[in-house]
Every structure is written in structure tokens, then in C-alpha cells.
Amino acid sequence: MTAALERIVGRAHVLQGRADLLPFESDGLTHFRQQPRAVVLPGTTEEVAEVVRWCVATGTPFVPRGAGTGLSGGALPCATGIVIELARLNRILEVRPRDRLAKVECGVINAELSTAVRPLGLHYAPDPSSQTACTLGGNVAENSGGPHTMKYGTTTDHIVGLRVVLPDGTITELGGPLHDLPGLDLVGTFVGSEGTFGIATELWVRLTPNPAVIRTFLFAFRDLEQACRMVSRIVADGILPAALEMLDQTTIRVVEASVLKAGYPVDADAVLLVELDGIAAQVEEDARKVRAIAGEFGAFESREAATAEERLKLWKGRKGAFGALGRLSPDLYVQDAVVPRSRLPEVLRRVRAIATEENLILSNVFHAGDGNLHPNISYDGRDPDHVARVLRAGDKILATCLEVGGSLSGEHGIGMEKRDSMSRLFSADDLDRFAQVRRAFNPLGLCNPDKVLPGAKVCVEFRHGIAIEGVTH
Amino acid sequence: MDAHEKILLDQRALDCVHCGLCLPVCPTYRLTGNEAASPRGRIYLMRAFAEKRMEPAVDTIGEVDKCLVCRACETVCPSGVQFGEMMELTRDLVEATPARGGFARRVKRLFFRHVLPHPARVRWLALLLRFYRESGLRFLLQKLGLIELFGAKTVLRDRLLPAIPPLAERVEPPERTAALGQPRGEVGFLVGCVAHELLPGANRASIAVLAENGFAVRCPTSRPCCGALPSHFGDLEAARSLARQTIEAFGEGSDPVVVSSAGCGSAMKEYGRLFAHDPQWAERAKRFAARVVDWNEFLAAKGLVAPQGRLDLKVAYSEPCHLAHAQRISAAPKSLLAAIPGVTLVPFSGSDTCCGAAGLYNVTQPEQSLQLLGQKMEQLKGAAPDLIVTANPGCHLQLRSGASDALPGVEVLHVAELLERSYRAGAKSGDASGAKAS
């Protein structure tokens, strides 16, 4: 098997030693683990296509992978298959500043594109918290969001064209360096397909002009629910902040104990970060309103980042919070769900009650403006009872979110983690439609099998020997 | 590996939540795109060793050897994983298993346990290498194809073998150097083992600049080796033995121990950890470590006596990993350089990324080492400096070898050497103007 793959990508770029395969067994979600038979690291689109054709010829399942920062197990390998690791496809191919477009390979790291175009006064707007590590190809797969999704939209709003290796190994172009092409929106269909429709190797992305003015505020509250109410009020008053981000007390404290030290007040029950951007007069007006609202809702500290460094620190704390939570326990379960913004106070109260009930350490750090919750549970995966309680709590939290009219996932995707919960949100008919679309792209089912849609067989071992409820194996 | 160390490794590995933020700053991950060559992948492997999911064996320790231990991952880790410590413990564990071939292990042990502790033997080794390099023996061996017989063939053949200064240049620094001008205190100074033989100029300048700033400098005549190399390369026992010698050489006291080699300074600041489980030495090592201060850190904190000599130069500062990442000192050396009249610091991307020297990495992993050096040179070319400055002997030698190819005519100096030049130039022009006035 490996001889053929080595001929395509070169010997150095096929991994099959047991120590090399071991760390590929999980992505950012370590609850699942499964080693692949081999990992292939192609260096060009043509090599990707050849590897895929080999997979088709031999009936080998394949899983595309970027930086492995995903949190829903989307890059979890298949036991009988290979992983196609795309990190070497990391070139920025073309920048058209006047068209505000760039063509990049899929392995380019999100933040590095923004760094590269900064001298042109541009940036790439979607900014997931893992943006210093995650790849743009991975962002396309997951339709990633981020704090600035509030104003600027998610990945799908910023992709205009894709060069795709389809699951049969042919190379095709979807869309292109033009906005709003006629015909079916296949780019929109592909973005968010979680690696099940093929492998996007080159992307045409929109670049966004850097705003003239950016102002970032910190508001600290004694009560998380009050902070949530302030969020609803800001939106209700017609203000459109660039970002509205919430951190609860547990998160604040671990961030302050880490290298990130953002300067959040450790005695607060919640910190709300509000970023306003645009032209000076508008931002000034919004800032005045937001400050007044904060006073009304009882913020005990209101502060504006005085310098660019201070602003960066406030953001670094927010974006590194997930990693910082590693200080609390060996493992971390990151939940991702969306609820209507107005229901945030109630949902958070219920989520806290669930954690208390199961005797678990809970932390909340989330995109409040979008109602996109991330309740995180710290646990020790070596303790089966602990794991069982975490999974039960995770399930109850999800049920609560769905009950108030929310959704399964805001930005982390369905992947392997929530595959079997899909039927709680969608009818059998809906799921069947989804499967039909997928079959149109991926008729043999070799491309990232078993993910997103329920019903397929599972080719994965559960790390703790306990399956998430509803998963058969 | 002791039981408590195994537990420690286990606990350290558990700090990692697998977020992956370390990947983009890891030089070996950037070269390969391979998760197994990333900090997160290596932590995963080390945890597997500690939990006995996988045993250290010839086919599983490759990435343990290929890690630079540059610790760039620690600087970005939100979870505070002590990666360097984990890797040191793991390498020590690996050395004790059959995974490590007998010959390589014996050579390393010989060097760490029987050469490094004796300055005279280090000197003999340096002389031998100088003879090999300069006498034509290298040329002869190369012609005869005999070099292939040696394990470290690339190094022996290649430019990475540093030029070794003639014996005459390697003058022992005096045991005590008096302060110049207004006295501001007394400090101990680590002369070091290899640095003294290969880069005597950097030590001389470090001492001179301290004296210029009003500090009397004391150098123990036994010239101990701090043990950084064995602790990075899997021989913690040898490291402890050298550390004990070092602690004893400086004696009890409260005066600062100033170190101008980033790798040594980093190891010495971590002595407390090295002896954490040794009841006899734990306290003493901790006390000593608290006295250790990096040369740049020390002078920047004390306030520099302004150098007067103008040096119109564009200077690129290549940050040693063991200064920027292991000791988190980045602003201090830059502020010292900026204090020199006429010097312009030219920033370049990758200035805090490993140059591939990494202790003995250029000997053990010459291919990756040369790739990293090549990258560094490309980035430096973009900045087009007149001079490259660094603050660690390994980086110094590596950058010098790279620059001799890629940036001919561009000299590599220690921060102290450039400062000393400015002080000297200042003194000369001061003398000249003084003469005129009188």
C-alpha cells in the first residue's frame, strides 16, 4: 500500500511508523481516538488528486485534515483508511488588493493571511479563537465563526471560489474570483460540509478593509445573568458591535493565572468584551450608548483599552481561554450550541444547575452576541465515573438548548461528536435530503466516512470505552 | 528514571488540552507539517511513554531526538505546559532503555561525564578539533572517503564544524576584574566550558562591559560547566553532578551570578527543579538559582552607563531560544543595543525562531539543522543587516557558519561585543577630545 503512496508524494511524506501515527488518532476533541493505517502529506493539488484516485481504486476511506484543532472530531481517522494531511499546502498564491481578494492554499493558517495582507490595510475577517493555528481549509470545512462573526459573518460569507478535489479524484473549480456568479451556489453548499464533499485545496477568499477606528471595552459584572441581559439590550437598541464576548468567573480566573494575563478583574462573575469599529463618529455615538447601558445593568467596572497592546491582551485572553482551562484538569469537554440571544440568562442558569447536579466544574466563555454558547466542563478522562457524568451533563445541556429553540452547533460542526444528535433537530426527511446531496458529491462514501449524518457504521474506538448516548458501536 | 520523575512527567503531560496553539511556532512542525513533529504530538507521545501505551524503542523515539527543545511552544501555551522539563525527563528515560544504541550512548556519556567536568580536557578536545579542521586532515579524510566511517559525518565534513580560535586567544579571564568608574557592586560570572574555548571574545566583552558599568567581576578559577548540555540531551545524572560543581564554585553568598550564555543561564535558573527530589541539595540549588541572572537582563535592570562611541550600523538581533522562550527575555537585549549611538535595529520575521543550533542538535540532526539555518539566513537577507547579534554560543557559531555562506562580510557578535566596541570607541574619541581640550 505505502509503495504506491510513496510514489505519488515521495517517501518522506508518507507516515506509517507507530509513533508517527499515534498523535494523529485525535484532533482537538480527544474523547475519540482512532489511528489510521497511514498518513499522507501531499504538496500539490495534483498530488492530492492522485492520492484520492488511489483511494478510489483500492476502496480505501480517506479523512482530510488541517491543523487538527477541530472540536467535533471532524478529522478523526477511519481505522481502515488513511489521513490526507494538508499542512504542506501552505502558500499564499495571489493577492489582489484592489479586488480585495486572495487566492490561498488550504493549509495556510488563518491568522497568517491577515498578517500577510496587513501592510495593504486589509485582513481576513472570520477569526476563530484557534486562528493562530487553524487552517483556512479547515475553516471552509467547518464554516468556522469567531468573535467578529457578529458583524462580519462566518466563513461562508468570505469564500468566493474553491478549487476542489472531488471524492472521485477529479479536480474542479467552484465559483471564482468574482462575486455572486450565476448558477447554483455550489461554493455555499461546499462550505460547512465538514470534509465530506471533497477536499478544497485552493480558496479564493474575500479580504476586508481594516476599520478606521476600533475601540474595545471591558465591562465587569457581579452577575452573569445581568451581563447577558445587557447583550440583548445592546442588540435591541440597534447597535451592531464588531464583537460581543462573555467570560464567566472560572474562565476569568484561569486566564489571569496563565501566560495570557489579560487584566480581567478576578472578582467579577462575568466580563463582557464589546468591540466597536467603523468610522469615528458612529463608533463614538455607539460607545456612548453602550457605556450608558452598562451603567444601567450594573457593571461595576467599565474600561476601554487605551492602547493597541492593551486591546490585543484583552483579545488574547479571550482567544486562549480554551487552552488556559487546561490548568483546571487533565481533560476539557467543550460544548458548542446556539440559543436565541434573549434566552441566554435562563439557559445559563439552567446550565449552571446541571453542572451542580452532576458535581462538575463548569466554565462559560462564549460569543454572546450570536447566542453561541460554549459551556466547558473540566474533567479527568482516566476516571470512568467522571466521564459518564460529563457526557450526561453535555447531553442535558444540549437538550436544554434545543428546548428553547436553539441549535446543535454554532461553529464547531457536527463531526463525530454530534452526529447522532442530528435527529433531535432534524426530521428523518431532512436527514435523507442531506444524504442525497452528499451522495451527489461523494457517491462512494469514501471521503470522511461516518461523519455529520447519523446511520453509518462507526469505525472508531471510544477513548474511555463509553459511547456518547445514542451512538452504536 | 525515578518513580517520582515518572509521576512528574505524567502530571506535566496532563496539562495539555490538545488545543494546538503551539503548532505554528514549532520549527520542526513548520518544516514537515507532521503532527508527530509538533509539540502537541510530542506531548502525546511522551504521555504514551509515561502511561506505558507505547514503549521507547528504536522506531518510536525519532521525534524525541528531532525536537530542538527551543521551547517556543511554552511561550504560546495558554495551559502553561512545561515542555522543556518534560522533554528532559523523557530523554533521560529514553537513554536508560535499550532503544538507545550502545555506541552513541557511550560517546555521549564519555563527553558529558568525563570531558565536560574537566576544563583541561575540554581544551584538549578543542585543540584536537582545531588540528583536524586546519591541518588538512579533514580534507584528506574527505578525499579518502573515510569520513563516512564516522557517525556524525555531515558535521565533520561540513562548515558546521566551528572555526576554533588559536590557543593564544583563549586567555583565562582573571579571577577578579575591578570595577571602572563609580562602583555599583560585585557579581559572579560564569565563564563556561565550550564558550571559553570557542568564543573567548564574547566572555571577554561580557566581563569588560560589566566592569565598565561599575561592577567588579569574579570568575571562579575552576571554570565549571553548568550542565546544560547533558540535561538537554538525556543525562540528568551528569547534569546534576556538573550543577553541584557549579554551585560549589560560586559558593554561598548573595551576589548575583551573571550569565551571558542564554543556554547556560536558562539551565542554571532551573537548578531548583533539577534537584527538587534531592533533600540534600534541593534548598541550596533553589537559593543558588535565585541568584542567577542573564547578562542582558541584569544590565537592562540596573541601567546601562550610556555607551558614547558611535557605530553607524544596521543590526539584526537573532533571539536565542533559551533567552526569548526559556527565560522570556526579549526586550532587554534590544534595549541594550538601542542604547548604542548610531545603531539601528532592523526587525525581521522569524527573529525568535530557532536557527537550528539547539545545543548539540546541529551534530545530532544535521539535516534539519541546516534547513532551519537556511531559513534563518533567507529571513536575515531580507533585513540586509551590516551585523548580526545574538547572545548564546550555540546560536553564535551556527549563525556565523550560515552567514559565511549566505551573507559574506556580515560579522556575528554577542550583544556584549558590540557594546564593548561602542565603549572603546567612546573612550578613544573621549581621549582625543580630552587631548584637544588640554
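Me: Which domains does the domain assignment of chain B give?
Reply: Chain B has domain 1 (3-95), domain 2 (116-166), domain 3 (168-300) and domain 4 (306-425). Domain bounds come from an automatic or database domain assignment. This is a predicted model, in which local features need pLDDT of at least 70, side-chain atom pairs count only at pLDDT 80 or more, and totals for chains, interfaces and linings use all residues. Residues are numbered from 1 along each chain as its sequence is written, and chains are lettered from A and ligands numbered from 1 in the order in which they are written.

Me: How many Å separate the centres of domain 1 and domain 4 of chain B?
Reply: 28 Å, with the centres taken over C-alpha atoms. The contact takes 13 residues from domain 1 of chain B and 13 residues from domain 4 of chain B. Two residues are in contact if their C-beta atoms, placed from the backbone, lie within 7 Å.

Me: Which helices supply the domain 1 side of chain B there?
Reply: Helix H2 (27-32), H4 and helix H5 (72-76) of chain B each supply at least two residues to the side that touches domain 4 of chain B. Helices (H or I, at least four residues) and strands (E, at least two) are DSSP runs, numbered from the N terminus. By class, that side of domain 1 of chain B has six nonpolar, three polar and four charged residues. Ala, Val, Leu, Ile, Met, Phe, Trp, Tyr, Cys and Pro count as nonpolar, Asp, Glu, Lys and Arg as charged, and the others, Gly among them, as polar.

Me: Where is B:Gln368?
Reply: In helix H22 (residues 366-383) of chain B. Not counting residues up to four places away in sequence, B:Gln368 touches B:Thr28, B:Leu31, B:Lys66 and B:Gly356.

Me: B:Gln368, buried or exposed?
Reply: B:Gln368 counts as buried because 20 C-beta neighbours lie inside 10 Å. A residue is buried if 20 or more other C-beta atoms lie within 10 Å of its own, exposed if 12 or fewer, and partly exposed in between, with C-beta atoms placed from the backbone.

Me: Switching to the chain interface. How many residues of each chain are in contact?
Reply: 28 residues of chain B are in contact with 35 residues of chain A. On the chain B side, helix H3 (39-50) and helix H4 (62-66) each supply at least two residues. H3(B) gives the most, with five residues. The classes on that side of chain B are 14 nonpolar, nine polar and five charged residues.

Me: And within chain A, what are the domains?
Reply: Domain 1 (92-209), domain 2 (213-323) and domain 3 (328-403). The C-alpha centres of domain 2 and domain 3 of chain A lie 22 Å apart. Between these two, 20 residues of domain 2 are in contact with 17 residues of domain 3.

Me: Which elements of chain A give two or more residues to the domain 2 side?
Reply: Helix H8 (224-236), strand S14 (243-248), helix H9 (249-257) and helix H12 (321-324) of chain A. H8(A) gives the most, with seven residues. By class, the side of domain 2 of chain A that touches domain 3 has 13 nonpolar, three polar and four charged residues.

Me: What about sheets, which strand order does the open sheet of chain A have?
Reply: The order is S6-S7-S11-S9-S10 (chain A), five strands with antiparallel pairing. Two strands pair if DSSP finds at least two bridges between them.

Me: Why is one side of S6 and S10 of chain A left without a neighbour?
Reply: Strand S6 (92-96) and strand S10 (171-175) of chain A stand at the edges and each has a single partner strand, so one side of each has no neighbour in the sheet.

Me: How many bridges between S9 and S11 of chain A?
Reply: Six, between strand S9 (residues 159-165) and strand S11 (residues 199-206) of chain A, in the antiparallel sense. A:Val164 stands opposite A:Ala200 in S11(A).

Me: Any parallel pairs, and which strands of chain B make them?
Reply: Strand S2 (residues 185-189) and strand S3 (residues 215-218) of chain B pair in the parallel sense over four bridges. B:Val187 stands opposite B:Val217 in S3(B). S2(B) also pairs in the parallel sense with strand S4 (residues 257-259) of chain B, over two bridges.
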